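Trainee: Could you take one part of this model and walk me through it closely, along with whatever connects to it? I'm happy with a long answer.

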Amino acid sequence: RVHFLAGAEAVNIWTGTFHAFGLDTIRKHHALFGVSTDPRVVDTSEAIALLEDALPALDIKHYLNLLEPALALRDVLRAIARAKDELCTPERYAELAAAMLKAAETPEAVVAAEKAAEVAIVYRHYDERLRALKAVDYGDLIMRPTLMMRDDADFATWMRSRFSHILVDEYQDINRASAMLVHALAGSGDALWVVGDARQSLYRFRGASAANIARFEQDYGS
């Protein structure tokens, strides 16, 4: 359809999903991201395999199930995935868990904070394992390019120079990490066009939120 509308100029138009864009970016700049030229994208089953042998050695108790470690790890990995949806690094997750524990005033709140602290421990170990393998997981495909643009001004400038116009369809179905990736690429938003309908938000399980539509004016100051 793009070729039909744009003709020969279609070769100059990048089209795809957010995750495909992130993987393409990481591959092109693999040295900057510290990964292989064609990085392995670790799925949930592979992530469990990476973690279950190390679990007994980690300082955790709530998520330690020696008989069926995969059961607890699935819950932990879901929490880690949600953290990446919000651009929350292992270090930041540990800070938030510590703040939760400090503010806890009931036994239930203490347990919740302890569980969050354990997720932070596993998250840090998991991140170290991925980096040692020069691999990424699904959440990294959006989080890592976004954080790199935040922390490396030269990289951000180069990335923005690649695109004269940006169109995002189904904007109601993106999560916060995706929204911040768009913001990093679009800058002031003068050349940005998004299409979305809050009534059609479908993918909340991936951290998507129609609130991103409500925050659009705040993000772009218009």
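Mentor: Start with helix α5, which supplies eight residues to the lining of the second largest pocket, the largest share of any element. Keep in mind that this is a predicted model, where local features need pLDDT of at least 70 and side-chain atom pairs count only at pLDDT 80 or more, while totals for chains, interfaces and linings use all residues. Residues are numbered from 1 along each chain as its sequence is written, and side-chain values use heavy atoms, with hydrogens and water left out.

A few terms, quickly. A pocket here is an open set of points on a 1 Å grid over the protein atoms alone, where a 1.4 Å probe fits and there is protein on both sides within 12 Å along at least five of seven lines; a lining residue has an atom within 4 Å of a point. Helices (H or I, at least four residues) and strands (E, at least two) are DSSP runs, numbered from the N terminus.

Now the pocket itself. The second largest pocket has a volume of about 500 Å³, volume being the space filled by probe spheres set on the grid points, which are joined across faces, edges and corners. Its lining has 23 residues, and those closest to the centre are Thr44, Leu77, Ala81, Tyr138 and Gly139. Besides α5 (69-85), the elements that give two or more residues to this lining are α4 (44-52) and α8 (140-151). By class, the lining comes out as 11 nonpolar, four polar and eight charged residues. In that split, Ala, Val, Leu, Ile, Met, Phe, Trp, Tyr, Cys and Pro count as nonpolar, Asp, Glu, Lys and Arg as charged, and the others, Gly among them, as polar.

Next, follow the charges on α5. Lysine 84 makes a salt bridge with aspartate 140, and their closest N and O atoms are 2.9 Å apart. (The cut-off is a side-chain nitrogen of Lys or Arg within 4 Å of a carboxyl oxygen of Asp or Glu.) Because lysine 84 is in α5 and aspartate 140 is in α8, this pair ties together parts that are 56 residues apart in sequence. Lysine 84 counts as buried at 1% relative accessibility, and aspartate 140 is buried too, with a relative accessible area of 2%. Buried means under 20% relative accessible area, exposed means over 50%, and partly exposed is in between (1.4 Å probe, protein chains only).

Look a little further along the chain and you'll find Arg82, Asp85 and Glu86 linked in a network of salt bridges. Then comes leucine 87, in the loop between α5 and α6 (90-103). Check its backbone: phi is near 60°, a positive value in a residue other than glycine. Most residues other than glycine have a negative phi. Leucine 87 is buried, with a relative accessible area of 18%.

For context, how many salt bridges does the whole structure have? A search finds 11. One of them joins arginine 27 to aspartate 38, with the closest N and O atoms 3.0 Å apart. Arginine 27 is in helix α2 and aspartate 38 is in the loop between α3 (30-33) and β1 (41-42), so that pair ties together parts 11 residues apart in sequence. Here arginine 27 is partly exposed, at 36% relative accessible area, and aspartate 38 is exposed, at 52%. Set that beside the buried lysine 84 and its buried partner, aspartate 140.

Another salt bridge sits within a single helix. Aspartate 127 and arginine 131 meet through their side chains at 3.0 Å, N to O. They are four residues apart in helix α7 (residues 107-132), which means about one helical turn separates them. Aspartate 127 is buried, with 15% relative accessible area, whereas arginine 131 is partly exposed, at 44%.

Helix α7 also holds alanine 113. This residue is buried, with a relative accessible area of 1%. Its C-alpha atom is 7.4 Å from that of alanine 98, with the two alanines 15 residues apart along the chain.
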